[in-house]
Every structure is written in C-alpha cells, then in structure tokens.
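The report that follows reads selected contacts and salt bridges from the model shown here, and it is best followed with the coordinates open alongside.

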Amino acid sequence: MSAPTTLTTAVTTTGGADVVAFRLADPAGVHTAVRLWSDLELGDTTFERVDGGWAFELPIGGQAAVAIDRIEYLLDVDGEMVLDPGNPLVVPGAFGDHSWLPLRGYSPPAWLDVEPVEAVRVPLSLEDTAVGVLDAEIWAPADANANEPLPLLISHDGPEMDAYGELTRFVGAGIAAGVLPRMRVALLAPGARDERYAANPAYAAALVDDVLPALAELAPSEQKPVLIGQSLGALAALHAAWIAPDAFAGVFAQSGSFFTADLDPQESDYAHFAEVTDFVRALLDQTRIQLPGVAIGCGLAEENLANNKLLRGHLRSTGLHVEWTQVRDGHTWTCWRDMLDPGLTDLLHTVWS
C-alpha cells in the first residue's frame, strides 16, 4: 500500500460543538476502504469517499458527543493500520505508537513542567514464587540512604506504567515540588499477565508472601505500601487487598477490569472471564468488606466505566470511603497518567498521613 497523506483538523461548528474532521487524500482512487480506529466507542467510523479522497467527521461537543478531551487513533486504510501522516503528534504504547490529538478541553498535567528529583534504580528478581519468577525495579530518590525508611508505592505493570504513564516522573516531580513525600516505587513486571492478574489467588499469595518481604529488605518502610494498577492490573491490586487487607495501606485501581456477566458480555471469550466475574460477584454479594484505603479512577469514554461505577457504588454502600477520579479520555496510558493527580496524590496523603 502506498503511504496515504491526510489532513486532520479540529473545528468548531456554529452550534458550539467541536468536530474533528479527518481528510485522506486519494486523488488517484487507489484505496478501497478507510476507517478511523480507536479504543473508544465511536460507532461507525467509516470514511466516505469524496472528491479527491476520503472524509470522516467526529462530533466531540454536544449531546451526542463522546466524552473526551483528547483522542488516540490509527487509520485503517485497506486493512492496514497506519499512523496519521498529516499529524505529527504521536504517543507510544505497549502495542505500538498511536496518533493523537488534543481537543479544546485538554490540558496536560502541570507536574510535567516540574523537574523531578534525581533518582536511582535497583533491580529485584525473585526466582521461586507461587507463580514463578517475579521481576521488579525499585526507584528511589538519589539522596536516599539504602537503610532509610521511606513509604513504598508498588505498581502493577510497573515498567509499562513508568514508560507510558510516567509514574516515576510524577513521583519525582511531586517530591521536588513538595507535593508528595519522599518515597520509593517498586515497578513490578507483569510476566504472564492474563494468568497472574485475573483474580489469581496464587499471584496474590506470591505478592504478599514473597514480594513484600523482599521489598522490605531493599526498601525499608515504616508504613504499609500502597498498590496501584491499571486495567487487569487494577483488578489484581484490589483482589490482593481483598485477600490480605492488612498487608496494604491503600489501593489505587485505574480503569479496573471489573467485569460482570451483565455489563461485559463482550468479554465472555476472554480465557479468564469466569475467574474475574466470580471475584467481582463475590465483592458485589458482600455487605461487609474489609479493605484498605481505596481510590478508583476511570476514563469517561471507556468500556469499563459502567463496571467501575457499579463497584464504586457498592463499596460505598458497605460503608467504605472510596475516592473517585475521572478523566475525559479512553482506556489509555495517558488517561492513567493524567489521573495520577489528584487521584494518587490524595490517596497517598490520606493513608500515609
């Protein structure tokens, strides 16, 4: 396929609603089908053939619009996924680069402008746990003594959340600005992610019985750790805290895959759907639940929003205090980055104060 050329613009209609207009130049008529691909629920995104190419318009403002302030996307041109060559804005991710556009309501987090403190990293590898090898990297301020007790933040999907969600940059900037306490961050590599994170009791046991004691030696702390996770990693974080609530000070679950049979039938082909729904059902069936501090965050334009709101409502109905953070975005690393403040900031101040 020859490389397409396209012009992408954001315009405002006379009614005050934003529209993102996509135009794909194809003067020779060599392409047969074009559509916009995104993780968002956008309905039919098929481009229409127009003079000299293809066109598609996505309404952003107004009653029928999708609740986003930015959009990540690819172009599906004749069955091949490509970046938008007319848009220089690209965001990396675990599944490759995506084009993205800021809309009128989007502002990057202010902490991105703060120079983070200098830091060091120490690797950790546990060979013999209930789920096999578990690898991690411990981030710490460069001026921290190895024996100095500091609060500990543990991140599921740690390498990815660090690379694409800029977790340690956030922590380093927060420390530099005096907004966050000096702390360490343990970036846990997921390994066999689907098997481990899908409400697997063996993984929860390995986390509590193997990882936490090892971290206590390399990252001494006088407080219980806080656990953060995204998507399936958020589910695993809450599952571990449910099994061992006394092991953690708090959990920040971002866009958790809290599937239920009623809300998420589209996920029923997932190999571990039963394990996930059984755990969520167990939570929803309980009227008294022991958990550490809980914060939940979700994008307003993502598929998991309904099940996240359902779980939030139920946990609150049992008397638990559950903080809620929402971002006008989809199921993306940038969404999770952008909700770190105030979501994680507030949780850390609450449970470590």
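Does Arg121 count as buried, partly exposed or exposed, judged by relative accessibility? In this predicted model, Arg121 counts as partly exposed because its relative accessibility is 38%, a value that lies between the limits of 20% for buried and 50% for exposed. Its salt-bridge partner is Glu137, with the closest N and O atoms 3.0 Å apart, and this pair links distant parts of the chain, since Arg121 belongs to strand 10 (residues 119-129) and Glu137 to strand 11 (residues 132-141), 16 residues apart. Glu137 is likewise partly exposed, with a relative accessible area of 31%.

**Salt bridges**

A search of the whole structure finds 14 salt bridges, among them the three pairs tabulated here.

| Pair | Closest N to O distance |
|---|---|
| Arg35 and Asp76 | 3.0 Å |
| Arg121 and Glu137 | 3.0 Å |
| Arg337 and Asp338 | 2.8 Å |

The pair of Arg35 and Asp76 also links distant parts of the chain, with Arg35 in strand 3 (residues 34-37) and Asp76 in strand 6 (residues 70-77), 41 residues apart. Arg35 is partly exposed at a relative accessible area of 32%, whereas Asp76 counts as buried because its relative accessibility is 13%, which is under the 20% limit.

In the pair of Arg337 and Asp338, Arg337 counts as buried at 10% relative accessibility, and Asp338 is buried with a relative accessible area of 12%. Both residues take part in a network of salt bridges that links them with Glu166 and Arg169.

**A buried strand residue**

Ser155, found in strand 12 (residues 152-155), counts as buried because its relative accessibility is 0%. Leaving aside residues up to four places away in sequence, Ser155 touches Met161, Leu167, Ala186, Leu187, Leu188 and Ile228.

**Contact of two helices**

Which residues of helix 6 meet which residues of helix 7? On the side of helix 6 they are Leu283, Leu284 and Asp285, and on the side of helix 7 they are Leu310, Leu311 and His314. The residues of this contact divide into 4 nonpolar, 1 polar and 1 charged. As for the geometry, the axes of helix 6 (residues 273-285) and helix 7 (residues 305-317) come within 9 Å and cross at roughly 35°.

Key:
Residues numbered from 1 in each chain as written. Predicted model: local features only at pLDDT ≥ 70, side-chain atom pairs only at ≥ 80, totals over all residues. Heavy atoms only, no water. Helix = DSSP H or I, 4+ residues; strand = E, 2+ residues; numbered from the N terminus. Buried < 20%, exposed > 50% of the residue type's maximum accessible area, 1.4 Å probe, protein only. Contact = heavy atoms within 4.5 Å. Axes fitted to C-alpha atoms, helices over the stretch in contact; angles between N-to-C directions. Nonpolar A, V, L, I, M, F, W, Y, C, P; charged D, E, K, R; others polar. Salt bridge = Lys/Arg side-chain N within 4 Å of Asp/Glu carboxyl O.
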